[in-house]
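I opened a fresh page for this model. I wanted notes on confidence, helices, one ring pair and the largest pocket.

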Amino acid sequence: IGTLLHHGIVSYQWIIAGLIIGALIGGTISHWVPMTALPQRAALSLAFGALAASLVGIAEYHTHHEHFTAFKMTVIGFEVLLGSLTTTGSL
């Protein structure tokens, strides 16, 4: 909600497209996965969420790294580290 209310968002088309594509993929996968494989599906969903967090951190660094304070650099580093670690652990 905080991201959606951010004043820097000019257009919501990519956010809406991502929601629609994610809902279609998630809905399709939920019909294919049997109930006995639910833990594996949950782990895969967690892996993709953590991968998204890592990619956001990398993109943020790539876009704004010359204006980072030491604190912000530390936060971005932990975001990428923990997102990558969670991705590999879940897979």
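The entries below follow the order in which I looked things up.

**Entry 1: confidence**

I started with how far to trust the coordinates. This is a predicted model. I read a mean pLDDT of 88 for the protein. I also noted that 100% of its residues reach 70 or more. Where pLDDT is low, predicted coordinates should not be read in detail. Which element has the lowest mean pLDDT, and which the highest? Helix α1, residues 13-32, has the lowest at 88. Helix α3 has the highest at 93.

**Entry 2: helix α1**

I picked leucine 19, which sits in helix α1. Is leucine 19 buried or exposed? I found a relative accessible area of 59%. Leucine 19 is therefore exposed, since that value is over 50%. I then took a distance from leucine 19 to alanine 47. The two are 28 residues apart in sequence. Their C-alpha atoms lie 18 Å apart in space.

**Entry 3: helix α2**

Next I turned to isoleucine 58. Helix α2, residues 38-64, holds isoleucine 58. Its relative accessible area is 45%, so I logged isoleucine 58 as partly exposed. Glycine 77 is 19 residues away along the chain from isoleucine 58. I got 8.9 Å between the C-alpha atoms of this pair.

**Entry 4: helix α3**

I looked up two residues here. Helix α3 covers residues 70-90, and lysine 72 lies in helix α3. I logged lysine 72 as partly exposed because its relative accessibility is 35%, which falls between the limits of 20% and 50%. From lysine 72 I went to threonine 3, 69 residues away along the chain. Their C-alpha atoms are separated by 18 Å.

Serine 90 is also placed in helix α3. Why does serine 90 count as buried? Its relative accessibility is 17%, and buried means under 20%. I then listed what serine 90 touches, leaving out residues up to four places away in sequence. The contacts are Ala43, Leu46 and Ala47.

**Entry 5: aromatic rings**

A ring pair is described by the distance of the centres and the angle of the planes. How many aromatic pairs did the count give? It came to one. Tyrosine 61 and phenylalanine 68 form that pair. I noted 6.3 Å centre to centre and 50° between the planes. The pair is classed as tilted, because an angle of 50° is neither under 30 nor over 60 degrees. Tyrosine 61 is partly exposed at 37% relative accessible area. Phenylalanine 68 is buried at 16%.

**Entry 6: the largest pocket**

Rolling a probe the size of a water molecule over the atoms shows where empty space is left. I read a volume of about 220 Å³ for the largest pocket. Which residues line the largest pocket? Thr3, His6, Ala52 and Val56 do. I sorted this lining by character: two nonpolar, two polar and no charged. Threonine 3 had come up in Entry 4, as the far end of the lysine 72 distance.

Key: Residues numbered from 1 in each chain as written. Predicted model: local features only at pLDDT ≥ 70, side-chain atom pairs only at ≥ 80, totals over all residues. Heavy atoms only, no water. Helix = DSSP H or I, 4+ residues; strand = E, 2+ residues; numbered from the N terminus. Buried < 20%, exposed > 50% of the residue type's maximum accessible area, 1.4 Å probe, protein only. Contact = heavy atoms within 4.5 Å. Phe/Tyr/Trp six-rings, centres within 6.5 Å; stacked < 30°, edge-to-face > 60°. 1 Å grid on protein atoms, 1.4 Å probe; cavity = no way out; pocket = protein on both sides within 12 Å on 5 of 7 lines; lining within 4 Å. Points joined across faces, edges and corners; volume = space filled by probe spheres on them. Nonpolar A, V, L, I, M, F, W, Y, C, P; charged D, E, K, R; others polar. pLDDT = per-residue confidence, 0-100.
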